[in-house]
Structure formats: C-alpha cells, structure tokens
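Here's a quick tour of the model you have open. Take a look at it first, then read on for the notes.

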Number of protein chains: 2
Amino acid sequence: MTVPTPALQPLDTRRVTLTDRTLNAVREGIRTGTLIPGELYSVYRLAEELGVSRSPVRDALLRLAETGIVNFERNKGFRVVLPGPKELAEMIAVRISLEVPAARRAAHNIGLDKENKLRTVYEAMEEAAKNRDEPKFMDEDQKLHGVILKLAANSYVERVIDTLRDATRLVGSSTIKGSRDLNAVLVEHRPIVEAVLAGDAVEAGRAMDTHLRKTGRVLLADAVKRTETGHDPNELWERLID
Amino acid sequence: MTVPTPALQPLDTRRVTLTDRTLNAVREGIRTGTLIPGELYSVYRLAEELGVSRSPVRDALLRLAETGIVNFERNKGFRVVLPGPKELAEMIAVRISLEVPAARRAAHNIGLDKENKLRTVYEAMEEAAKNRDEPKFMDEDQKLHGVILKLAANSYVERVIDTLRDATRLVGSSTIKGSRDLNAVLVEHRPIVEAVLAGDAVEAGRAMDTHLRKTGRVLLADAVKRTETGHDPNELWERLID
DNA sequence: AGGGGGTGTGTCGCATGTTACATGATAGGC
DNA sequence: GCCTATCATGTAACATGCGACACACCCCCT
C-alpha cells in the first residue's frame, strides 16, 4: 500500500486500437455512401486515405468480411456487399426466431431490471416521436430492443443480433420515413413493454412477434422495390419466414 | 481455338490460404488438448511451431476471437476460452430458437431435396449406430442437422449454427459416450426425419424441439459436473431456456 | 529484513518489405 | 485482321521490422 486507494477507474486498459477506429470509419463510409457497394476497393488506397498503415485496415476489413459485409477477392480487392431482398428476409427470419423467445425470457427475468431501464427508454421513444425526431427515435428503438435482449441474459443472442443490426442499418435507415408514421411504430412497442414489465411471458412473445413481422414486411417490400430485382416480396416471405 | 477443348475442372481458384490452415490447426489443437484452455500463449511461438509467419496466425486467431473462442490480452498473449455451463446453456437456447423454426421451414421446402439426401444421411446414421461407430455417428448427426438447415434455405442461420458447433464440438465430443446410448439418440432423430419428409411442418418443429431439449439437458448436466462450478443445471436451464 | 525501483524479457499493435497472382494493354506472329 | 504471348500495373497474402507496454525478477537502499 502506498496511498489511501485512489478509487480510480480501472483506466480503460483498452486503448482504442487503430483497427477499431478503422472499423468505425468503414461502417460510417458505407452508411454515408462514401463506399459504394459492389465497387472494387483496395486496402492500399483505403489505408492511405485514412492515414494509417495497411495492417489495421486489413484487420478491420477481415472482421467485416467475417460477417459478410465485405467480400475479399484475392489479388483484386474487396467489395462492399449490401444485403439484397433475400438476405434481408433471412435476417428478419433470424430476428424473429431469436427476439421472440428473448422477449419471453425478458418478461421472465423482469425482476433484474433494477432501475426500470425499459420504461425509461420507452418514454424517451415517446418523447422522440412527439418531437418528430426521427434519428433519435431510431436510436431509442434500437436501445429498447437492446434492453430486452440484455434482460434475456444471453450474450450469444446479443452478439448475433448486433451483427445483424450492423448489416441492416444501412438498408433500414431511410425506410421508415414516408412509409410508416413514427407513432405507428411507437404503439407497436407499447404492448411489448407492458407485457415484459408485467412479467407476462406469453404476451411479450406474442407482441414482439407481431411487431417484428409488421416492420419486417415493410422493410422487405421497400427493399424489393428499391433494388428492382424481379423478386416478389410475398413469395420471399412465404419461402423464408413462417 | 487450338485443341478440342479438354473439358478440365474449373480448378478451384481458392488456393487454401495459410490463414485457413492455421485456423484448422488451432481448432485441432484445442480438440486434441494440445492447446490448454486458460493457458497463456503467444502468436510468436505458435507461428514458430507451425512454421509460418505471425501474420496468418494472427489473422486466424483474430477470427477465432471474433466468435469468442480465444481471447486476446494486450501485451500478454491470448487464451483459449472454452465455454462454461452458462455459455453452453446460452448456445443451447440459440440452437433451439433457430433450429426448431428451421425444421419447420425444411418440412415446408422438402420438395427441394432432389436426391433424398435427408434419408441417405439418416440411413448412414442407422448404420453407424448398428456398428457402434461413434465418431462416424457423430459426424452423420452433424450432417443431418446440416441438411435440415440447408433445406431451410437461410444462410445466416447456417452460419450462426456453424460457429456454435465450432465452439461446442470440444465440449460435446466426449459427452455421449457412457451417458447415452447411440440408439437412444438415433430414435430421437427418426420422428424429425419422418416429419420433414412428410412435409409436416408442425410435427417437424415439435420433434426437433424435444430432441434439442433432451440432448441439451444431458450436455448441460455433464458440463456442470465436469467443471465443478457451483452451478445448478436446473437453475441454469430455468433461467436461460424456456 | 522488507519494500521500492530499475531492468530484462516477452508480448501485442502497427508499419513496411516481399511474393505470387489476376487483369488489361500491347506488341508480334499467322 | 485475328489470335497469342509478353509485359505493366495493381492487388491480397505473407514475412519481417519496430516501438510501447506489461510483468517478473533482482538488486539496492532504508
């Protein structure tokens, strides 16, 4: 002992690495349209533009390749692959499969939610809807789903859903606007929150299910329209989702 | 044109990279016990042992770290983290959530199974059980689940389950022996196969559900006993799975 | 005798050099 | 005028160099 114990932070031993920052930069680039899907890029040039060496850039891109967001082609470069309607439908199916049981578990474990985080977030959503603050609304929406997953206490589920979110953020960002009213989305969340808070597992699952299906339908229809592939959204839905 | 077209193979352009081979080597090392979980290793030494440079080793380990199988500690090394009872329970929960709907989809899409792969694999399982050939049996078991996932036609689900398998293979490899008869496991699969082949979605889901729950229970109980943590398997099950 | 600081070793993270390959342009034979 | 071989260019995959940092050990000072 030397001194009264300074009670400092564990001092994030995790100095943010260049790889992580590159990862975010690439995500941002995709989101803002700087990186065009389908186009061929090279680690060399990207590293140069970001002002770092090739190693962290390569590491970051390999991580994205792991989840299918980018695609490496040996001796040629890499491409950003954004999910088409089929991929989107698959992701929706996964979300339904995982988040509905998660909602049930959340209702079951509601006692763990010490500080009523769920209600807090929902109220923030209400507030954002009232102010027509769409970015904020989207953000709180994500957060709400995140809180429910946390309550379900399954880190693998959290991880999978996180990566899916990563892949869909680009697709879904501009979808709500125009096609659905913020309030419509809001009221869908209410029964979920109520059921979870009441500890009613069955109802929580049911509410989550209807919510995901509704938004899924909209997302899918929108994606099909946008990409102009010959896909029929109903047929896709029928084939991949119950 | 020069010659009658020799009709050669497309010659897999995908030269197996050192990273991939390292990946397999590490998996193998974990499986065979050469790499001890919890122990501290270094990329340097591992690269030297494998006779390659640090880059592909690092790439491979980063990929494993992505899925949580190994854990990097800055300036110290990396550890192999094998899943404990809690993690195992989480994985079982994910498998139930994803594979039960997948079985339903598979029954729905059974028309796509042109060559009766499902029946072929099941018969191979029967054969292996008859011969008491456990490794073969395990292998065909995996394959059977794989075929069902393929029929469900959702690549994301396939990917997630694949990584889970990767993480659980070590845990589950020695479990069956002694605790369950091969035939007992076999007969659990029969109703699944029958239902899928008959196109009975509801029954396929039900059968898959009971199968996964039964084996999950056994796996979990075994893991708890083996690790000697104070966990209660029933409590874990109750908390993470329905 | 005990504690504190210096030092040596080992590690990751990042930078940079090297190699083999894919592709498009170009020159040369028929 | 076509077809082919050669070459120039650009790339990922792999090898290696380097600095900062964590930790263990040991010596020295109190």
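## Where the two chains meet

Let's begin with the protein-protein side of this predicted model. Chain A and chain B bury about 3200 Å² between them, and 44% of that area sits on carbon and sulfur atoms. Each partner puts in its share of the contact: 38 residues come from chain A and 38 residues from chain B.

What about charges and polar groups? There are four salt bridges between chain A and chain B. One to pull up on screen joins the side chains of A:D59 and B:R58, with N to O at 3.2 Å. Polar contacts across the interface of chain A and chain B come to 22 residue pairs, with both residues at pLDDT 80 or more.

On the side of chain A that touches chain B, the elements giving two or more residues are α3 (54-66), α4 (85-108), α7 (155-172) and α11 (233-240) of chain A. The top contributor here is α4(A), with twelve residues. Sorted by class, this side of chain A holds 16 charged, 14 nonpolar and eight polar residues.

## Around DNA strand C

Now over to the nucleic acid. DNA strand C has 22 residues around it, and the closest are A:L18, A:S53, A:R54, A:S55 and B:R58. B:R58 thus turns up twice in this tour: among the closest residues to DNA strand C, and in the salt bridge with A:D59.

Which part of DNA strand C does the protein mostly see? Of the strand's atoms within 4 Å of the protein, 68% belong to sugar or phosphate, while the rest belong to bases. Phosphate oxygens of DNA strand C have some nice polar partners. A polar backbone atom of A:L18 is 2.4 Å from one. From the side chains, an N or O atom of A:T19 is 3.1 Å from a phosphate oxygen, and an N or O atom of A:K76 is 3.4 Å from a phosphate oxygen.

Both chains supply elements to this surface: α1 (18-32) and α3 of chain A, along with α2 (43-50) of chain B, each give at least two residues. The class breakdown near DNA strand C is nine polar, seven charged and six nonpolar residues.

## Aromatic pairs

Last stop, the rings. Over all chains, the count is four aromatic pairs. Take B:Y41 and B:F78: their ring centres are 6.1 Å apart and their planes are at 35°, so the pair counts as tilted. B:Y41 lies in strand β1 (residues 40-41) of chain B and B:F78 in strand β3 (residues 77-80) of chain B, so this pair ties together parts 37 residues apart in sequence.

Technical notes. Residues are numbered from 1 along each chain as its sequence is written. Chains are lettered from A and ligands numbered from 1 in the order in which they are written. This is a predicted model: local features need pLDDT of at least 70, side-chain atom pairs count only at pLDDT 80 or more; totals for chains, interfaces and linings use all residues. Side-chain values use heavy atoms; hydrogens and water are left out. Contact means heavy atoms within 4.5 Å. Buried area is the accessible area (1.4 Å probe) that two parts lose on being put together, summed over both. A polar contact is a pair of N or O atoms within 3.5 Å; within protein, one must be able to donate a hydrogen and the other to accept it, and residues adjacent in sequence count only if both atoms are side-chain atoms. Helices (H or I, at least four residues) and strands (E, at least two) are DSSP runs, numbered from the N terminus. Ala, Val, Leu, Ile, Met, Phe, Trp, Tyr, Cys and Pro count as nonpolar, Asp, Glu, Lys and Arg as charged, and the others, Gly among them, as polar. A residue is near a molecule or strand if one of its heavy atoms lies within 4 Å of it. Rings of Phe, Tyr and Trp (its six-membered ring) pair if their centres lie within 6.5 Å; planes under 30 degrees apart count as stacked, over 60 as edge-to-face and the rest as tilted.
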